[in-house]
Number of protein chains: 2
Amino acid sequence: MTEIAAAEALLAEARATTDARLGEVALRFQRGGHPAGEAIRYALGTVGKRVRPALVLASYRASGGTDPGIGWLATAVEIIHTYSLVHDDLPCMDDDARRRGRPTTHVVFDVPTATRVGFLLVPVAVEVLCQAADAMGLDLVTRQAIARDLLAASGIRGMVGGQWLDLVAEGQRLGEAELRAIHARKTGALIRAACLVGGRAAGADPTRLAGLAAFGEDIGLAFQIADDVLDATATTDQLGKTAGRDASLRKMTYVSFLGVEGARAEARRMAERAVARLDDARVEATALASLAHYIVQRQS
Amino acid sequence: MTEIAAAEALLAEARATTDARLGEVALRFQRGGHPAGEAIRYALGTVGKRVRPALVLASYRASGGTDPGIGWLATAVEIIHTYSLVHDDLPCMDDDARRRGRPTTHVVFDVPTATRVGFLLVPVAVEVLCQAADAMGLDLVTRQAIARDLLAASGIRGMVGGQWLDLVAEGQRLGEAELRAIHARKTGALIRAACLVGGRAAGADPTRLAGLAAFGEDIGLAFQIADDVLDATATTDQLGKTAGRDASLRKMTYVSFLGVEGARAEARRMAERAVARLDDARVEATALASLAHYIVQRQS
């Protein structure tokens, strides 16, 4: 099996395990009879590559974990990602009408509904996180460390704080260092956390945890650079979301600094550095490396 | 000291301890230099009676707790309340331009900013919660129980879910039972949680915890009924927020069912029942009872 085929097999597994669990969570809301149920189900039904769940699974196994309950932890991470997407697509944010080939939540429902759905998904993510910890019988220290990592990744020094900086930066001239700082929060923090919590759930030692976190930081950046390249080069159909948005919003991207070819090379360089971080920390790198390479070679 | 004077002294203490800590948290954001800092500081600066923090302090002490670190737990609860206010005031929700005598966050900044501030306050509340647990040296089981209580109180079966039901119900005819179900979530859940987590932090036994939770449920309802009476009878200046909103939004309230006098009597009855719950569970009731009576007699 080639490395890319291995990554695709892992992503397919992550999709199967995550999608089934997301469906189960959505069903709970539907059964609860709350009027929010339908919109929550729609948001949770957003299809995706499930890169973050695949990273959770791979970092867990690379650290010696074998419990299938890890699928719940992968699902909790994807729910956090989902609520950030719901908000990122709102008219007051990136104003996107399509996401992964479907109309976005605020288009199908309305803006207030989508805003509140995003909010309701926060405690849902925490509930699923508790379920994961119960399923795997994690001790309380590990549980709390995982909860802190994920919350930190979604807060002001993470996802939501990064979205904010990104909005403030729109139409402004940024240096490459500033751009990196924004993306380290906006996309990087949750990808880093996905790798870290997989290791934590498996009881990885501090050196390996640091290696997983460093790997996550580098592939988070590689992911964003690859996204910028795709936005500049792929079609809307290929992406399942509106292509060319960055240029139309006059956003600074890695492509503005490095050009398409330069950005591609930089993404590859970051993926290689990521894998070297694992080797340095003696983390079994096969599956994680295949994901790192997939991330920079993907076509959507 | 009369009972109301005792309640006012406790509220004054809760204001002093909570406001100082909210200021400290706001300062962290300001120092962080994040562009969100100013709006977060404004939202955290919302003045208030600090009923929920006072309930945390009183239920903690009624359960034998003596650590001043409880002030951080009270602050975490108030931050959760604050983020619900920021969202509740948005144009897509209750559309209120004034809150506690000040323009609301979305009026001073704008709607997208206020939406994102609300979001950012969720991880802030969790961070302050962790700080509280560290300050008091709480064990991990207690810590996790407190986190679960507070998150459940803010989720779909709590605050945000209740706000949603409340919006759906606008302009519709409801039965009194439906109205109660909405308010049990919208206002009741967090008030109940405030009482419960104070007891948990002090290591109260299951019987006393159940008593505190039952007390919280009843005063949560009493609080909402008293709110409805005030909305119908007080002036905007007295309330520090727009009076008469319920009638102008054609909202069903306890006053629509019971009339002003009937609603007042029902609020008093719920306060008495709340105090009886404490006695049944052998929880020291003096301070909590004074707060229960304050809640139904307050003029704003």
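Here is a short chat about how two helices and two chains pack in a predicted model.

Residues count from 1 along each chain as written, and chains are lettered from A in the order written. Local features need pLDDT of at least 70 and side-chain atom pairs count only at pLDDT 80 or more, while totals for chains, interfaces and linings use all residues.

Student: How do the axes of H9(A) and H10(A) cross: parallel, antiparallel, perpendicular or oblique?
Tutor: Helices here are DSSP runs (H or I, at least four residues), numbered from the N terminus. Axes are lines fitted to C-alpha atoms over the stretch in contact, with angles from 0 to 180 degrees between N-to-C directions. H9 (residues 176-201) and H10 (residues 206-233) of chain A come within 7 Å and cross at roughly 140 degrees. Under 35 is roughly parallel, over 145 roughly antiparallel, 65 to 115 roughly perpendicular and the rest oblique, so this pair is oblique.

Student: What relation links chain A to chain B?
Tutor: Copies get superposed by least squares on C-alpha atoms of residues with pLDDT of at least 70 in both. Chain A lands on chain B with an RMSD of 0.0 Å after a turn of 180 degrees and a shift of 0.0 Å along the axis. That makes the relation a two-fold axis.

Student: Which helix gives the largest share of the side of chain A that touches chain B?
Tutor: Contact means C-beta atoms, placed from the backbone, within 7 Å, and 30 residues from each of chain A and chain B take part. H6 (111-136), H7 (140-154) and H8 (159-169) of chain A each supply at least two residues of chain A's side. The largest share, 10 residues, comes from H6(A).

Key
Two residues are in contact if their C-beta atoms, placed from the backbone, lie within 7 Å.
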